[in-house]
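Could you walk me through this model in my viewer, one selection at a time? I would like to know what to pick next and what is there.

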Amino acid sequence: MLNSHGNVNDVLTIDRAIIDAIVVHARRDHPDEACGVVAGPIGQDVPARLIPMDNAARSMTFYEFDSMEQLRVWREMDDRDEEPVVIYHSHTATEAYPSRTDVSFAGEPGAHYLLVSTREPDSEEIRSFRIVDGVVTEEEVNIVDATVKA
């Protein structure tokens with residue numbers, strides 16, 4: 001049965017290596033928020049290629065893709081028949097839950113919005129959400145040890 005997002009279920013299945021790389025990016029950019037995209041083949045909902053991006057806002061409370069970098073990345077995904085499967089960013093002082101600003105800037109209704117909280121120095125909180133028309137729905141994160149490519 002399809003849900004309101006057109007998916008069979010609300011689960012983000014993602015390779016542990018990609019999650020680990022996102023956490024490294026978030027820790028490296030701390031105390032500023034880190035951000036980026038995980039691209040995957042169009043229509044498959046498979047996050048396959050990590051694309052760390054610069055936080056043009058250089059902020060501890062806000063992230064913003066650099067417009068030229070975003071244009072380049074989206075064109076590259078288009079050329080490779082990919083789409084943004086995951087859009088990620090970190091929260092450095094709060095829980096991993098979308099802020100009002102995050103919700104207002106969520107422009108990819110088909111994407112998973114992954115948040116990593118780096119507020120605790122020895123652990124990370126990792127959560128994923130769908131954000132469609134201002135409605136936030138949390139989904140399960142299924143971390144797998146290897147993505148099998150057929």
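Here is a short tour of a pocket and some aromatic rings in this predicted model.

**Stop one: the pocket.** Start with the largest pocket, which has a volume of about 240 Å³. To see its walls, select Phe62, Tyr63, Glu64, Phe65, Gln70, Trp74, Ile87, Phe105, Ala106, Gly107, Glu108 and Tyr113, the residues that line the largest pocket. Now colour them by character: this lining divides into eight nonpolar, two polar and two charged residues.

**Stop two: the rings.** Four aromatic pairs are counted in the model. Show the side chains of Tyr63 and Phe65 for one of them: this pair is edge-to-face, with 5.7 Å from centre to centre and 65° between the planes. Next, keep Phe65 and add Trp74 to the selection; these two form a tilted pair, at 6.1 Å centre to centre and with 50° between the planes. With Tyr63, Phe65 and Trp74 displayed together, you are looking at a cluster linked by ring pairs. Tyr63, Phe65 and Trp74 are also among the residues that line the largest pocket.

**Stop three: the surface.** Switch on a surface and keep the cluster in view. Which of these rings are buried and which are partly exposed? Tyr63 and Phe65 are both buried. Phe65 has a relative accessible area of 12%, so it falls under the 20% cut-off for buried. Trp74 counts as partly exposed because its relative accessible area is 22%, between the 20% and 50% limits.

Methods
Residues numbered from 1 in each chain as written. Predicted model: local features only at pLDDT ≥ 70, side-chain atom pairs only at ≥ 80, totals over all residues. Heavy atoms only, no water. 1 Å grid on protein atoms, 1.4 Å probe; cavity = no way out; pocket = protein on both sides within 12 Å on 5 of 7 lines; lining within 4 Å. Points joined across faces, edges and corners; volume = space filled by probe spheres on them. Nonpolar A, V, L, I, M, F, W, Y, C, P; charged D, E, K, R; others polar. Phe/Tyr/Trp six-rings, centres within 6.5 Å; stacked < 30°, edge-to-face > 60°. Buried < 20%, exposed > 50% of the residue type's maximum accessible area, 1.4 Å probe, protein only.
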